[in-house]
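I set out to record what I looked up in this entry, working from the overall surface down to single side chains.

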Amino acid sequence: MQQHPARTAVTWEERGAQSSAKWLSASERPAPKHVVLVDDRLTADRAIGFASQGTAMLWKGDFQGAKQILSAIGRRLTKQGARAGKRGAAPATAAEQFYRIRQTRAQRSRVLSLILIPLELQCGVVSIPLPRAPEVDAAIRFAYGELALGEQDRAVVSLQELVGVLSAHQWYVNGVDVPSLGAKIHPHYGTFMPTRHEYVDLVATAPLPAHDLAFDIGTGTGVLSAVLAKRGIGRVIGTDVQQRAVHCATENFERLGIEEVAEARMCDMFPDGRSSLIVCNPPWLPGSAATSLDAAIYDPGSQMLLSFLAGLPNHLSEGGEGWLVISDLAELLGLRTREMLLDAIARAGLEVIDRLDTTPAHGRASDATDVLHAARSREVTSLWRLRVAATAA
């Protein structure tokens, strides 16, 4: 069962009376304060006008029509953004360009999130009471928990988020192939999907310092813990600050039949004790996480990265290694420097034994139309093998 997100009520006026329903948001967006009823007569321009005033739109028409208006709004916002970009001054640096893109995407997401879809619970089944709506019961319970509606029989969710939930549920059902594992990982909603195989391959091939015990910090789906277990590590402990990740990793360990070897725990960073190997694949980009779902991508102030490095000496066994798996995309975008990383390693009393590099093979790395192509095309993912420096031991 997934971790329950914070929920409040959404209210609106319908047929001269006040109506309300539970607000569902796995991304922890606040419930909209102002809601109007709309249907298939809504135009993209009118929808953007409502959104500019902070007004959400509860859809009462055909479900497929709601998806079409969502697409139309997206296209309209893209055109508006392109025109604004041509009028404005060009960003001077890659970092400025990145922040401008983030701001534009955040504004776009805010507008798109204001198209709302009703849900209802009847005879124990969650459904969308609209024509041509898909079955959503399994996906809703997957993302929001078995008690998504609780004692209430109505709820409201952002269509934008619902589309993501349905897609994530399909990924969960089908699983993600992990070649280095020779098996599939089934990601829960809100956990980072291991679709970029290069960082997993690095952990699957780096020389092991020992085979007794390993810690996997920020385990997520548990994919790196599973790879280490497959390589013969006798015991692997994966930690994560998100309960949904702990549930996900635990389920994957059971699916793979390695639950006697691999264990997931909810923990801020390191479990108690010391280990011969400690692995961490932190979020690769410094920056604020607008929602809980962004936390797998953005590390505010590089806090997780710096905490991992600072804590390594107190948790490594004698002769043990810490593996930091990270991309240099932040450096290429001017968000962090290589000197900062090396200084953090030195300040922690660590030294670099080796660095294993690989280049990404995902589609965006070769997509010349991507606005960040200049950086993505030069990206390198590295596994830094670290140990306690001789002078610090």
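Accessible areas in these notes come from the Shrake-Rupley method with a 1.4 Å probe. The model is a predicted one.

Entry 1, overall. I looked up the accessible surface of the protein and found about 18,300 Å². Carbon and sulfur atoms hold 51% of that surface. I then turned to burial: of the 393 residues in the protein, 50% are buried. For secondary structure I noted 12 helices and 18 strands. I also checked the contacts in the protein with a separation of 6 or more, and residues 24 or more positions apart account for 68% of them.

Entry 2, aromatic rings. I counted five aromatic pairs. One of them joins Phe98 and Tyr298, with 6.5 Å from centre to centre and 50° between the planes, and I entered the pair as tilted. Planes under 30 degrees apart would count as stacked and those over 60 as edge-to-face, so the label tilted applies to what lies between. I next asked which elements hold the two rings. Phe98 belongs to helix H3 (residues 94–112) and Tyr298 to strand E15 (residues 298–299), so the pair ties together parts that are 200 residues apart in sequence.

I checked the burial of both partners. Phe98 has 5% relative accessibility and counts as buried. Tyr298, at 12%, counts as buried too, because the limit for that class is under 20%. Ring pairs also bring in Tyr99, which forms a cluster with Phe98 and Tyr298.

Entry 3, charges over rings. I found the charged end of Arg102 over the ring of Tyr298, 3.7 Å from the ring centre. I noted a further case at Trp384, where Arg355 lies over the face at 5.3 Å from the ring centre.

Entry 4, helix packing. I examined helix H9 (residues 303–311) against helix H11 (residues 338–347) and recorded axes 8 Å apart at an angle of about 30°. H9 is therefore roughly parallel to H11, since angles under 35 degrees fall in that class. On the H9 side I listed Leu305, Leu306 and Leu309 as making the contact. On the H11 side the contact is made by Met340, Leu341, Ala344 and Ile345.

Entry 5, Asp62. Is Asp62 buried or exposed? I located Asp62 in the loop between strand E4 (55–59) and helix H2 (63–87). Its relative accessible area is 15%, and I entered Asp62 as buried. Leaving aside residues up to four places away in sequence, I found that Asp62 touches Asp40, Pro131 and Arg132.

Terms used:
Residues are numbered from 1 along each chain as its sequence is written. This is a predicted model: local features need pLDDT of at least 70, side-chain atom pairs count only at pLDDT 80 or more; totals for chains, interfaces and linings use all residues. Side-chain values use heavy atoms; hydrogens and water are left out. Rings of Phe, Tyr and Trp (its six-membered ring) pair if their centres lie within 6.5 Å; planes under 30 degrees apart count as stacked, over 60 as edge-to-face and the rest as tilted. Helices (H or I, at least four residues) and strands (E, at least two) are DSSP runs, numbered from the N terminus. Buried means under 20% relative accessible area, exposed over 50%, partly exposed in between (1.4 Å probe, protein chains only). A charge sits over a ring if NZ of Lys or CZ of Arg is within 6 Å of the ring centre and within 35 degrees of the ring normal. Contact means heavy atoms within 4.5 Å. Axes are lines fitted to C-alpha atoms, for helices over the stretch in contact, and angles run from 0 to 180 degrees between N-to-C directions. Angles under 35 degrees count as roughly parallel, over 145 as roughly antiparallel, 65 to 115 as roughly perpendicular and the rest as oblique.
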